[in-house]
Amino acid sequence: MRRRVWPLAWGLALVVASITGCGGGEAPAGDDRPMVLTTFTVLADMAQNVAGEHLVIESITKPGTEIHGYEPTPRDVAKASQADLVLDNGLGLEGWFEQFANQADVPHVVVSEGVEVVDITEDAYAGKPNPHAWMSPTEAQIYVDNMAAAFAELDPDHAADFEARAADYQQEIQQVHDALLEELEPLASNERALVTCEGAFSYLARDADLTEHYIWPVNAEQEATPQQIAATIEFVEGNDVPAVFCESTVSDKAMLRVVEATGTTYGGTLYVDSLSEAEGPVPTYLELIQHDAQTIATALTGGA
Ligand SMILES: [Zn+2]
């Protein structure tokens, strides 16, 4: 078995993350730092890493929230109207966002601007962009650049610090990418498959040269049809896929039926659309992507 290559700097990253916190909370009275809201927790943590202590960062949706079909509350709108900037993912992730931004009358920056988009190929979503670009550690670094640029405009006095923090953070993200590729190297080509519930891994699969197969394309429609389950069973059997996965924000029932029918291994839960609470397994983006990369590599290569 290959030696583990996961970055040693990992422990340090955790310490830094716990000092800077995630989704900081509201600015205390008398705090005149600019307030930046993000649409979901993953972006809040990335933004916090770039902003350091210079900005107040908060996520509109809480950990565990289903982001695609979220319905903003009047309180969300009121809060956003007080903010200086809102960061959204774009690519159709937040179907509710356009109306929300108009109601709150607040400037926003689309952080996925400039990524190399993968289109969804199936069902009613065919031809639309797959929104989950942050799941690629290489595309996520473009998010970080966009955040640093947006923050420099918002708070020019700290532009150099935003840029330096962004560069450090990008290096940590890149290390996760490098480790994943190295771990997956021994796999035979038919084993290089990533079978999940939602089609949220197109970008990660592209990075890691894995063939993606999923039960349904987008979580907004998470009732699996018998045809979708049958197609997944056929793919797993046809390719002798060693392990399959499901995401934390949806039921794994359909995937367990695939496991039962094929005798493949259930490889574990992957995190995509939300961080966990602070005490959970993935309270930061780096931990989320590291968790997923490690879970996928371990299950596909047949255990530790
Ligand atoms: Zn999703």
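The following questions and answers concern a predicted model of a protein chain.

Me: What is the secondary-structure content of the protein chain, and what percentage of its residues count as buried?
Reply: The protein chain contains 10 helices and 8 strands. It has 304 residues, and the share of them that count as buried is 45%.

Me: What percentage of the contacts with a separation of 6 or more join residues 24 or more positions apart?
Reply: The contacts considered are those in the protein chain with a separation of 6 or more. Among these contacts, the share from residues 24 or more positions apart is 63%.

Me: Which residues have the most contacts inside the largest nonpolar core, and where does this core lie relative to domain 1 and domain 2?
Reply: The largest nonpolar core has 84 residues, and those with the most contacts inside it are Val-36, Met-46, Ala-47, Val-50, Val-144, Met-147 and Phe-151. Domain 1 (6–180) and domain 2 (186–300) both contribute residues, so the core lies between them.

Me: Which residues is Met-46 in contact with, leaving aside its neighbours within four places in sequence?
Reply: Met-46 is among the residues with the most contacts inside the largest nonpolar core. Once its neighbours within four places in sequence are left aside, the residues in contact with Met-46 are Tyr-143, Val-144, Met-147 and Tyr-285.

Me: Which elements do the buried residues of helix 5 pack against?
Reply: Helix 5 covers residues 137–154, and its 18 residues reach 26 Å from first to last C-alpha, close to the 26 Å expected. Its buried residues include Tyr-143, Val-144, Met-147 and Phe-151. The elements they pack against are helix 2 (41–51), strand 3 (85–88), strand 4 (108–110), helix 6 (159–184), helix 7 (202–208) and helix 10 (285–300).

Me: What distance separates the end C-alpha atoms of helix 10, and which residue with positive phi follows this helix?
Reply: Helix 10 has 16 residues, which should span 22 Å at 1.5 Å a residue. Its buried residues include Tyr-285, Leu-288, Ile-289, Ala-293 and Ile-296. The end C-alpha atoms are 22 Å apart, in agreement with that expectation, and the residue that follows, with a phi near 85 degrees, is Gly-302.

Me: Which residues of strand 1 point one way, and which the other way?
Reply: In a regular strand, side chains alternate between the two faces of the sheet. Strand 1 spans residues 35–38, and all of these are buried. Met-35 and Leu-37 point one way, and the other way point Val-36 and Thr-38.

Me: Which residues are the bridge partners of Leu-37 in strand 2 and strand 3, and what is the handedness of the crossover from strand 1 to strand 2?
Reply: Strand 1 pairs with strand 2 (residues 56–59) in the parallel sense over 4 bridges, and 3 bridges join strand 1 to strand 3, also in parallel. Leu-37 has Glu-58 as its bridge partner in strand 2. The chain passes from strand 1 through helix 2 to strand 2 in a β-α-β crossover that is right-handed. In strand 3, the bridge partner of Leu-37 is Val-86.

Me: Is Asp-105 buried or exposed?
Reply: Asp-105 lies in the loop between helix 4 (97–104) and strand 4. Although not a glycine, Asp-105 has a positive phi of about 55 degrees. With 9 other C-beta atoms within 10 Å, Asp-105 is exposed.

Me: Is Asp-209 buried or exposed?
Reply: Asp-209, in the loop between helix 7 and strand 6 (211–216), has a positive phi of about 55 degrees without being a glycine. A residue is exposed if 12 or fewer other C-beta atoms lie within 10 Å. Asp-209 has 12 such neighbours and therefore counts as exposed.

Definitions and conventions. Residues are numbered from 1 along each chain as its sequence is written. This is a predicted model: local features need pLDDT of at least 70, side-chain atom pairs count only at pLDDT 80 or more; totals for chains, interfaces and linings use all residues. Helices (H or I, at least four residues) and strands (E, at least two) are DSSP runs, numbered from the N terminus. The expected span of a helix is 1.5 Å times one less than its number of residues. A residue is buried if 20 or more other C-beta atoms lie within 10 Å of its own, exposed if 12 or fewer, and partly exposed in between; C-beta atoms are placed from the backbone. Two residues are in contact if their C-beta atoms, placed from the backbone, lie within 7 Å. A nonpolar core is a set of buried Ala, Val, Leu, Ile, Met, Phe, Trp, Tyr and Cys residues joined through C-beta atoms within 7 Å. Domain bounds come from an automatic or database domain assignment. Two strands pair if DSSP finds at least two bridges between them. A crossover is right-handed if, with the strands pointing away from the viewer, the path from the first strand over the helix to the second runs clockwise.
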